[in-house]
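Here is a set of short exercises to work through with the structure open beside you. Try each task on your own, then follow the solution step by step.

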Amino acid sequence: MMLFADPLFGLPSWTDAIIRVVLVVLAMTIVVMYLTYGERKVVARFQQRLGPTETGPGGLIQAFADAFKLVLKEDIRPTNADRWVFELAPYATFVPVFMVLLALPFAHDWGVRDLGLGLFYVFAILGLNIVGIMMAGLGSGNKYALLGGIRAAAQMISYEIPLVISLLCVAMITSADTGNEIGTLNLNVIAALQEDRPYVLLQPLAFLIFFTAMLSELHRAPFDIPVAESEIVGGYFVEYSGIRWSMFQLSEYASMWGFSVFGSVVFLGGWAFPFGADAHWSVQLATTMVKSLSFIVLIFWVRTTVPRLRIDQLMSFCWKVLLPMSIVQMLMNGVILAYDWPQELLTLTSGAGAALLVAIIIKRAVRRPSKDLVGTYKTLGAPAQ
Amino acid sequence: MATEVLWWIFAAAIVVLSAGVVFSRSIIHSAIFLIGSLAGVGAMYIFLQMEFLALVQFLIYGGAVTVLILLALMLTRPDAPGHRQSLNGTQQPFALLVGAGLMVILFAVITGTTWPGSDIESLTEVPLTLVSQRLFEDFGAPFVIASALLLVALVGAIILARQEEGE
């Protein structure tokens, strides 16, 4: 595990590491606070409301008021709950998300650790996120929480596969750029390789698959069935209150930010595009922040636009559409790279694939159901009321 | 020095967590201890400078295998959470026999083998490119055959588990 170029202020490496971790934690806290505020404002605008306006100018300190209220709330533990599993679950959810933030490059040589296997590290550690969610579902002693946990686990395991394959596609095409025929998994290098053009131009299909699978991994609408309020009250964290509930919210928004920075590094060029590796660090940091924030606004936009999927639609979309499309993308990349064909061909094939994916999504969205609702219930074996 | 201290801390943690898997009276707790124990083994790979293996350990054992165990427990377990089960069943003597036998065999094998590179002090670093070269170029055919075998097993399991009406 490597250090970034040189320690800040020439400090010993462990002091430097601690300072970097503290900086990232502070940045994360502020970003998460304003994400909750931002989400309420953006969603309110989409729904022709105003959102928070009263607390501070334009409601700007609403997030702090909310955090204060949550900390003061009583911390309730149901008698039926499995004590240690219930109490440790929020931490088990948060730790992987926090560990992912340690590997992200925010600007040239700016991050906590510059890992040679950064890309692989991110999705290996994010996989551990499920454990905390399942602990919450199992430990609460509540049927709704259990259902939410099962849904979350099934969904996250399924969507991890297209997500990983779409990232693999990017790792493949880095081998054409590094100059020695060997690709890279280092996020800092991947960002630097996109100085001239972001990889989203070469791999639009992989980007679409990544974005869809990311929405699902984050439990955002239209894939928010593990936390669906109208069906299972709130999912795996239904029994939590006060500070523990806010830990779940914190990890949800922190992972949303982490995923957005990660996606902007892998697909949108991170800090390197369009100002280059020689730009001032503040410009690079601002580039990363703007890209990740536009990612997040896109997530909010999708949330307010698309209705929630049913669980069978969700699963069939993953296994019958996303997975084959991602494998096709990987095969196309393999053929093009093996024969050293020009990179424009990557854009062309992947663009055609992306158009096909969008067409499939639209076709599935507008098709009329072959059965009415009662018929669907009969197929699923449930008693029709 | 610092690495050595950390190594001992992780070794102790793995032993405690593994004991938790065996002696915990609730099967959910066992599963959660198992995650911790396997993650500790992953951390051991980092001390051996095999980050790739460590991440594979986290991904496969932490993120997939134990999650499947937890999922199976969620779908099948009828008891209330925190329900305590008795630790010993009728198979106790056989379990003791198998456990002790396995330990003896493992010890015999470990002490009887001359490990390559055990006489040098520093660790040999294996670059990831070498691993991938071995896997995809030198041993490409076994890799493909193993993946095909897994795929067949997967499809077979789905066909066995899936029962549609009228079949």
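**Exercise 1. The contact between the chains**

Task: Work out how many salt bridges are found between chain A and chain B, and describe what the contact is made of.

Solution.
Step 1. Start with the charged pairs: the count of salt bridges between chain A and chain B is 0. Keep in mind that this is a predicted model.
Step 2. Next, look for polar contacts across the interface of chain A and chain B: the rule finds 0 residue pairs, with both residues at pLDDT 80 or more.
Step 3. Find the elements involved. On the side of chain A that touches chain B, the elements giving two or more residues are helix 4 (118–126), helix 5 (129–139) and helix 6 (143–173) of chain A. Helix 6 of chain A provides the largest share, with 6 residues.
Step 4. Sort that side of chain A by residue type: 20 residues are nonpolar, 4 are polar and 2 are charged.
Step 5. Now the extent of the contact. Chain A brings 26 residues and chain B brings 25 residues. The area buried between the two chains is about 2,300 Å², and carbon and sulfur atoms give 84% of this area.

**Exercise 2. A portrait of chain B**

Task: Describe how chain B is built, using its helices and strands and its contacts.

Solution.
Step 1. Count the elements: chain B has 6 helices and 0 strands. Read from the N terminus, their order is α-α-α-α-α-α.
Step 2. Check burial: chain B has 167 residues, and 21% of them count as buried.
Step 3. Look at the contacts in chain B with a separation of 6 or more: 59% of them are accounted for by residues 24 or more positions apart.

**Exercise 3. Salt bridges**

Task: Find how many salt bridges the structure holds over all chains, then examine some of the pairs.

Solution.
Step 1. Recall the idea behind the search: side chains of opposite charge can pair when their charged atoms come close.
Step 2. The total over all chains is 5 salt bridges.
Step 3. Take A:Glu39 and A:Arg220, which form a salt bridge with their closest N and O atoms 2.4 Å apart. This pair links distant parts of the chain, 181 residues apart: A:Glu39 lies in helix 1 (residues 13–46) of chain A, while A:Arg220 lies in the loop between helix 9 (204–217) and helix 10 (229–232) of chain A. Both A:Glu39 and A:Arg220 are buried.
Step 4. Follow this pair further: A:Glu39 and A:Arg220 belong to a network of salt bridges that also links A:Glu252 and A:Arg303.
Step 5. Move to A:Asp66 and A:Arg40, whose side chains meet in a salt bridge at 2.9 Å, N to O. Here 26 residues separate A:Asp66, in helix 2 (residues 62–72) of chain A, from A:Arg40, in helix 1 of chain A. A:Asp66 counts as partly exposed at 25% relative accessibility, and A:Arg40 counts as partly exposed at 39%.
Step 6. Finish in chain B, where B:Arg134 forms a salt bridge with B:Asp138, the closest N and O atoms being 2.6 Å apart. B:Arg134 and B:Asp138 are 4 residues apart in helix 5 (residues 128–138) of chain B, so about one helical turn separates them. B:Arg134 is partly exposed, with a relative accessible area of 42%, and B:Asp138 is partly exposed at 45%.

**Exercise 4. Cysteines without a bond**

Task: Explain why the sulfur of A:Cys169 has no bond to the closest cysteine sulfur.

Solution.
Step 1. Search the whole structure: there are 0 disulfides over all chains.
Step 2. Recall the cut-off: two cysteine sulfur atoms must be within 2.5 Å to count as a disulfide.
Step 3. Compare the distance. The closest cysteine sulfur to that of A:Cys169 is in A:Cys318, and because it is 15 Å away, it is too far for a bond.
Step 4. Add the surroundings: A:Cys169 is buried, with a relative accessible area of 0%, and A:Cys318 is buried too, at 1%.

**Exercise 5. The setting of a serine**

Task: Decide whether A:Ser251 is buried or exposed, and name residues that it touches.

Solution.
Step 1. Locate the residue: A:Ser251 sits in helix 11 (residues 242–266) of chain A.
Step 2. Apply the cut-off: buried means under 20% relative accessible area. A:Ser251 has 3% relative accessibility, so it counts as buried.
Step 3. List the neighbors: leaving out residues up to four places away in sequence, A:Ser251 touches A:Thr93, A:Phe94 and A:Val97.

Technical notes. Residues numbered from 1 in each chain as written. Chains lettered and ligands numbered in written order. Predicted model: local features only at pLDDT ≥ 70, side-chain atom pairs only at ≥ 80, totals over all residues. Heavy atoms only, no water. Buried < 20%, exposed > 50% of the residue type's maximum accessible area, 1.4 Å probe, protein only. Contact = heavy atoms within 4.5 Å. Buried area = accessible area lost by both parts, 1.4 Å probe. Salt bridge = Lys/Arg side-chain N within 4 Å of Asp/Glu carboxyl O. Polar contact = N/O pair within 3.5 Å; in protein donor to acceptor, adjacent residues only side chain to side chain. Nonpolar A, V, L, I, M, F, W, Y, C, P; charged D, E, K, R; others polar.
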